[in-house]
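User: Could you take a close look at one part of this model for me, the short helix early in the second chain and what comes right after it? Once that's clear, walk me outward to the rest.

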Amino acid sequence: MSLSIFFQNLINAISLGFLFALIAIGYTMVYGVLRLINFAHGDIFMMAAFFVFYTMTIFSLPWGIACLVAIVLTMLLGLSVERVAYRPLRNAPRISSLCSAIGVSFLLENFAVVVFGGRPKSFYCPEFFTKTFILGGVRVLGINFVTPLVSIVFLSLLSYLVYRTKNGLAMRAISKDFDTARLMGINIDRTISFTFMIGSGLAAVGAILWASRYPQIWPFMGVFPGWRAFTAAIIGGIGSIRGAMVGGFLVGFISIMLVAFLPELAGYKDAFIFIALILVLLFKPEGLFGEE
Amino acid sequence: MLKVDNLNVYYGGIHALKGISFEVEEGKIVTLIGANGAGKSTTLKTICSLVKAKEGKIIFKDQEITNLSTEQIVKRGLVLIPEGRKIFPNLTVQENLALGAFIREDKEKIAQDQEWVGELFPRLKERWWQKGGTLSGGEQQMLAVARGLMSRPQLLMLDEPSLGLAPLLVKEIFEIIQQIHREGITILLVEQNAFAALKLADYAYVLETGRLVLQGKGEELLQKEEVRKAYLGE
């Protein structure tokens with residue numbers, strides 16, 4: 001493999017790693033506050049892509065505006081899912097909300113099949129995204145510049161929010177102890193809603209970047225990215241935001257580098273991701289950055 | 001300041017509080033003593049709405065608060081320092097204090113109060129940026145009290161502040177309670193350490209399996225034979 005192809009793959013892997021990180025954070029944040037794996041997260045991600053698609057086709061809004069609208073709609077979707085499917089079960093055994101999460105996942109997927117149709121639709125993205133640039137012999141797609149930049153902006157915003165604002169402080173407090181957080185005057189319901197909105201918003205950003213990279217959208221497009229991001233969150237240590245980022249990168253690197261270096265094993269990509277998961281769980285069950 | 005009237009609380013099928021009524025006068029230290037499982041913690045939790053009462057009324061500063069949320073009650077100046085410290089181990093000392101001040105918006109005053117609790121608990125000040133979970137038991141209790149003070153309570157309820165502390169620290173905690181009281185904060189103290197609590201309190205209630213069985217001035221109860229026998233081990 002020549003150096004330029006290696007760099008090409010490296011850039012690709014970084015870009016994909018950021019994408020998984022964006023999605024994985026949604027899993028990890030919800031788990032952090034509710035101790036619940038939000039299995040509908042991948043489908044919320046899928047809905048975001050359709051929100052962009054329909055805002056553009058029905059209301060003929062420009063792409064940029066459509067993306068903003070879609071992010072807001074996805075945040076509202078996340079908020080409603082929590083209201084309808086998780087909040088009533090908050091004091092029920094954990095298995096109930098887990099079943100509810102799987103139910104929401106199926107509901108969203110099948111809703112999409114019925115309403116949007118099962119056939120893939122092509123996703124519009126600005127020309128710059130699909131253009132190939134040649135830098136010192138390395139071929140780089142526009143989207144591979146955009147993804148890391150956009151991700152860094154949103155991940156920095158997220159860090160600021162979680163570590164520097166009152167809402168973030170409230171989130172970190174309720175992740176430890178609901179009752180004591182209440183005694184501090186924190187509104188638990190509002191903080192949980194907020195968490196779902198942030199997680200879903202990041203999933204929407206991820207979905208737009210994802211669909212610009214693989215420009216076809218269909219009702220089950222969230223399933224595999226969802227599983228991989230979920231795996232990334234577990235590898236990094238579920239509940240840890242830093243862990244989700246690192247896990248996301250790891251999964252991104254495995255996905256790209258395996259195909260690049262061992263093309264004959266490319267079909268086993270997911271198997272390798274899950275082997276990595278099993279290894280981490282065997283030797284560090286709380287994940288790389290998780291709490292014991 | 002606080003008036004509790006005929007409070008009845010059930011945990012599942014267990015009748016935990018069987019119609020208790022008591023009062024906390026403004027500016028006083030009132031204590032609730034009793035054995036394990038008498039319902040002391042339940043009483044405090046019910047007052048700040050972490051546990052819902054089936055029957056009864058709670059009145060704070062002439063307003064009924066029985067059906068308010070914990071958040072609203074805290075905002076009115078009724079603050080509980082829960083049993084077992086319950087500091088946030090994943091957050092720094094400074095962040096724990098910031099959570100105490102969560103309901104407040106007056107940034108300058110908050111900063112002043114941080115200084116104030118720093119003076120009150122010099123040991124915390126040295127550990128400002130340390131995670132709460134790395135503090136010793138005594139330091140965690142200090143942090144819990146400091147955090148409670150950051151809410152600027154008018155009535156501060158403390159649930160077993162001396163639990164699990166070495167004798168020297170117990171003494172220190174009780175001195176601090178007195179100091180807080182001198183700052184003009186009314187105190188409702190729940191304690192298993194009946195002797196120390198009665199010595200400190202203006203007025204005391206004795207709770208036994210969900211009922212109030214005795215009340216009186218702290219000093220008076222200290223003299224009573226049944227109290228000495230049951231709670232002071234004489």
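Analyst: Let's start right where that helix stops. Just after helix 1 of chain B, S49(B) takes a positive phi of about 70°. Keep in mind that this is a predicted model, so everything here is computed from predicted coordinates.

Now the helix itself. Helix 1 of chain B covers residues 40-47, and eight of its eight residues are buried, so the helix is largely enclosed by the rest of the structure. Going along it, you'll find K40(B), S41(B), T42(B), T43(B), L44(B), K45(B), T46(B) and I47(B) on the buried list. Notice that the lysines K40(B) and K45(B) are included there, along with L44(B) and I47(B).

Next, the strands of chain B. Four of them make an open sheet in the order 2-1-4-5, with antiparallel pairing. Its edges are strand 2 (14-24) and strand 5 (63-64) of chain B, each of which pairs on one side only. As general background, strands of a sheet pair through backbone hydrogen bonds, either parallel or antiparallel. Strand 1 of chain B (residues 2-11) is joined to strand 2 of chain B by eight bridges, in the antiparallel sense. If you want a spot to check on screen, N8(B) sits opposite K18(B) in strand 2 of chain B.

Strand 6 of chain B (residues 78-81) has a parallel partner: four bridges join it to strand 7 (residues 155-159) of chain B. Within that pair, I81(B) stands opposite L158(B) of strand 7. Strand 6 of chain B is covered on both faces, with L78(B) and L80(B) buried on one side and V79(B) and I81(B) buried on the other.

On to the domains. Chain B splits into domain 1, made of 1-77 + 153-234, and domain 2, which is 83-151. The C-alpha centres of the two domains of chain B are 23 Å apart. Their contact draws on 16 residues from domain 1 of chain B and 11 residues from domain 2 of chain B. On the domain 1 side, helix 2 (70-75), strand 7 and helix 7 (167-182) of chain B each put in at least two residues. Helix 7 of chain B gives the largest share of that side, four residues. By class, the domain 1 side that touches domain 2 of chain B has 11 nonpolar, two polar and three charged residues.

Chain B also meets chain A. That contact takes 19 residues from chain B and 15 residues from chain A. On chain B's side, the elements giving two or more residues are helix 2 and helix 3 (93-100) of chain B. So helix 2 of chain B turns up both here and in the contact between the domains. The chain B side that touches chain A divides into 12 nonpolar, three polar and four charged residues.

Crossing over to chain A, its secondary structure comes to 12 helices and four strands. The radius of gyration of chain A is 19 Å, close to the 19 Å that the globule rule gives for 292 residues, so chain A is as compact as a globular protein of that length. Its C-alpha atoms fill a box of roughly 60 × 50 × 35 Å along the principal axes, and 49% of the 292 residues of chain A count as buried. Among contacts in chain A with a separation of 6 or more, 74% are between residues 24 or more positions apart.

Two helices of chain A are worth a look. Helix 9 of chain A (residues 188-213) is mostly covered, with 21 of its 26 residues buried. At 1.5 Å a residue it should span 38 Å, and its end C-alpha atoms are 38 Å apart, which agrees. Helix 4 of chain A has 23 residues and an expected span of 33 Å, and the 32 Å between its end C-alpha atoms agrees with that. The buried residues of helix 4 of chain A include S97(A), V104(A), L108(A) and E109(A), and helix 2 (41-59) and helix 3 of chain A are among what covers its buried residues. Right after helix 4 of chain A comes G117(A), with a positive phi near 90°.

Finally, R90(A) lies in the loop between helix 3 (63-86) and helix 4 (94-116) of chain A. R90(A) has 15 C-beta neighbours inside 10 Å, so it counts as partly exposed.

How values were computed
Residues numbered from 1 in each chain as written. Chains lettered and ligands numbered in written order. Predicted model: local features only at pLDDT ≥ 70, side-chain atom pairs only at ≥ 80, totals over all residues. Buried ≥ 20, exposed ≤ 12 C-beta atoms within 10 Å, placed from the backbone. Pairing = 2+ DSSP bridges. Expected span 1.5 Å × (residues − 1). Contact = placed C-beta atoms within 7 Å. Domains from an automatic or database assignment. Nonpolar A, V, L, I, M, F, W, Y, C, P; charged D, E, K, R; others polar. Rg over C-alpha atoms; globule rule 2.2 N^0.38 Å.
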